[in-house]
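This briefing reviews strand pairing, salt bridges and surface patches in the structure shown below. It is intended to be read alongside the sequence and the coordinates.

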Amino acid sequence: MPAPQSSSEEQEAEAGLNTIIVTAQRREETLQDAAIPINAVSGEELVQSGVNDATALNKVAPALYVVAAGGANAGYFVRGVGNFSNNGYTNPAVAFNLDGVYIGRPSSTVASFLDVNRVEVLKGPQGTLYGRNATGGAVNVIPNIPRLGQFGGEFAAQYGNYDALQLTGALNVPLADGLATRFAAAYSRNDGYYSDGTESTEDLAFRGQILAELSDDVTLRLSGDYSTQQGSGRGLNVQGVYSFTPFSPNATAGNFTFVPAPANVTEPFTGLFAPQTLDFIRNTAVGAPLYSPLTDYAYPFRDDSYWGINAELSADLGFAELTFIPAYRKSVLDNGFNGAPFKGALNDNVAEQTSFEARLTGDVGPVEWLVGGYYFDESVEGRDSYNQFATVSFNEFQTDTRSLAAFGRLVFSVTDDFRLVGGLRYTDERREIDARVDNLAAVCLNRPSAFGPPSCPLVPTIPVGLTVADSLGQLDPALFRARPVFTGGPIVGTYPYGPIGPRGPYALIIVTPTDIERTSGDDEITYRLAAEYDVTPDNLVYASFETGFRAGGFNITFGQEEYAPEYIDAWTIGSKNEFFDNRLQLNLEGFYWDYRGQQLAALGVDGRGNNSFYTRNVGESTILGAEMDFQALVTDTTLVRGGVQYLDATYDSFTYNQVDLSAAGDPPNFLTPLTGCDFTQVLTPRRSFDIDCSGRPALNAPKWTVNLGVQQTVLLGGFELTGSVDGRYRSNRVAGFNYLPTSETGDDLTIDAAITLRPDLGDWYVTAFVRNLTDEFVPTLLQVGAGNVAAGGYEPPRRYGVRVGYEF
């Protein structure tokens, strides 16, 4: 949110609150004139708020949640619409756009937030101007562009606790009349927030641009960026274990009872690799179906890189303005993580995308028009493994996606104050996958009693590797009497594993391959209808109806190889208002969304009973509520800002079926699914469970979100001292897949504060800051993984430091 005017700003600046220019509707307009549900924040405020990647945008857009999952995966939610993970073969529900370019794999890269001019968060489906995979909304990150005829720049250094260092800089250089270039760079690092050293980072990013006025009517801008992300990646705090307790009257969920971890394990930011955590897991959890203690978690790491080039050509054709944006991007992911928690998951992926967008805009009498075309081509080639101690999925895949779209919008001014808006988009998508998954299961055959689980405490779990040969090659060959050495090549079938007892081998290794080669596609028409009315030059009301869809896709999962598109219809009414010569801005929004065919990516079991991570269409939701945001310049030096969102997001229908993993001789309702939802045993044609989560709240959808802040500037004889305090409250929300008691976050309140000193006419500043002042322990992702270990990822703890900057 903009700062109040200060004595160091230009004298001709208008009185009142600062204005942010947005381009969310493919035209320049002020935030207050944009008749759409949108939040926007300037690059300056992003720096002040400590937002240097997508996961921190939660601070500045109440409707948006960005969840950092394992490795480079990031999940985006807007008002409960979204998903937890975005890997090489799943689609996001919120479109992430960098410098006008849609990013198919929206990994959380520091380059995206390098030398930022502003960030725009659009709430609700964006089917007309943004197209596929924007059912929840869109996030637009817009960098500063070169400025013609100006030489200048800025540099800043920041240091804080956890040995956190950040260096940023930008330089704008005019090269000739009508020609300028701009360079920006950033380096950041921090030690791990967790006691086991996890959540450490080391990031590096560069961007270079050149802007040329080729003629009075034509400009061309070229941009290229490169970034790397290294460190340990996400940390986890263990909550406890869901222990299998068949038919216990005191069970927590089905036939499972939650065993909480001791206080020295659940203490905030202890970490998965702390000795006391590993002891608790080893002595409490076992990895079915091997039923051996869980040991030897693989320590996480990141070594990911991203680069891209894009251009923007703007030309005045007389009858219309032409904008053409070609782009190419590539990401190379090499990381390992424990999120779920796994023993270890490895990603080795390369994603490349090419896109072209062309738009023509013009006006004829009372009609403003826009037509455009879009082409997107993405290929992802990867190898992944997800090791859950006794079961491992080894995936090798190549996906190709081509999407074509044509779109248009008309704005008809019925009068000078009343406008009707219509938008239409046709999207045609074709996609292919060629994949192989090798599912490995280590199965214990040793049953101490006829009734009860097996037990193989002396049989080691499966080592972490990227292929079957990598993993089994790390084991002692003596464990395999029939095949002592795994040297690569196809490894398929059943192998005796572990010691040989009087009744034969203690366990078996079973490797089952699944080949998936599919072609599919979707074509869809989405549209928007809206009315806008300027009650006065400073007061706008609007109403709209818009549709959106998220494309279907593929799973590397037997029996769940494909899933269908999802659809959303959104009704919105809103009002944007300026009062008292723009000293008060008050915006109101009411919304009602109808969400159908909802896609949910989650851990489950495939048609053969193997563990897998896949997307399925689970049902329908109704999402409704209201949002209010404001900012008030109470005095020339005092700014008060805030917002409130009320959200009622409920699954009207959320059902799916899961294979029963019980042994043949087990009674019904024995090995029940681990879920907080209702379930029913199905006996024919194959034993399974129908699971029903209908009536549950949507994921990451708190009923109440409240932001409130104040900023005060004090003049001190040639200097100004500006202090700010911002608080954010969120009510309880569900942050895990299975609606277990451990997937609820509880309420939280976080407070950030900062104070900045700068001379009235100077070009330097010093800022002292503290974020999460009360050191709140705020969950972002709560899941149950291997061995039914419940764990979570959390927002950063209290951080503080000093930032020194120089501008010229």
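Two strands are taken as paired if DSSP finds at least two bridges between them. The model is predicted. In it, strands β31 (residues 611-635) and β32 (residues 638-659) are joined by 16 bridges and run antiparallel.

**Pairing around β32**

- A hairpin of two residues connects β31 to β32.
- Within this pairing, L624 has D648 of β32 as its bridge partner.
- β32 also pairs with strand β35 (residues 704-715), in the antiparallel sense and over nine bridges; here Q645 has T705 of β35 as its bridge partner.
- A further antiparallel pairing joins β32 to strand β34 (residues 688-692) through five bridges, and Y656 is matched with I691 in β34 as its bridge partner.

**The sheet β4-β5-β6**

- Three strands form an open sheet in the order β4-β5-β6, with antiparallel pairing.
- Its edge strands are β4 (64-68) and β6 (81-82), each of which pairs on one side only.
- β4 and strand β5 (residues 74-78) are antiparallel and joined by five bridges, with L64 opposite V78 of β5.

**Salt bridges**

- The model contains 42 salt bridges, counted with a side-chain nitrogen of Lys or Arg within 4 Å of a carboxyl oxygen of Asp or Glu.
- R329 and D225 form a salt bridge through their side chains, at 2.9 Å from N to O. This pair links distant parts of the chain, with R329 in strand β19 (residues 321-337) and D225 in strand β15, 104 residues apart. Both R329 and D225 are buried.
- R402 and D428 form a salt bridge in which the closest N and O atoms are 3.5 Å apart. R402 belongs to strand β22 (residues 391-413) and D428 to strand β23 (residues 418-444), so that the pair links distant parts of the chain, 26 residues apart. R402 counts as partly exposed because its relative accessibility is 24%, whereas D428, with a relative accessible area of 14%, is buried.
- D515 and R436 meet through their side chains in a salt bridge of 3.6 Å, N to O. Because D515 lies in strand β25 (residues 504-536) and R436 in strand β23, the pair ties together parts that are 79 residues apart in sequence. D515 is exposed, with a relative accessible area of 57%, while R436 is partly exposed at 29% relative accessibility.
- R728, R730, R733, D748 and E795 are joined into one network by salt bridges that share partners.

**Surface patches**

- A nonpolar surface patch consists of F151, F155, V714, L716, F719, W764, V766, V802, V804, Y806 and F808, which together have about 960 Å² of accessible area.
- Two or more residues of the nonpolar patch come from each of β38 (764-771) and β41 (799-807); β41 gives the most, with three residues.
- W764 is located in strand β38. Its relative accessible area is 34%, so W764 is partly exposed.
- A negative patch on the surface is formed by E213, D216, D217, D316 and E321.
- Of these residues, D216 lies in the loop between β14 (201-213) and β15 (218-231). D216 counts as exposed because its relative accessibility is 82%, and exposed means over 50%.

Conventions
Residues numbered from 1 in each chain as written. Predicted model: local features only at pLDDT ≥ 70, side-chain atom pairs only at ≥ 80, totals over all residues. Heavy atoms only, no water. Patch = residues over 30% accessible without salt bridge, like charges linked within 9 Å, V, L, I, M, F, W, Y side chains within 5 Å. Areas by Shrake-Rupley, 256 points an atom, 1.4 Å probe, with all protein chains shown as cover. Lys, Arg positive; Asp, Glu negative; His and termini not counted. Charge placed at Lys NZ, Arg CZ, Asp CG, Glu CD. Helix = DSSP H or I, 4+ residues; strand = E, 2+ residues; numbered from the N terminus. Buried < 20%, exposed > 50% of the residue type's maximum accessible area, 1.4 Å probe, protein only.
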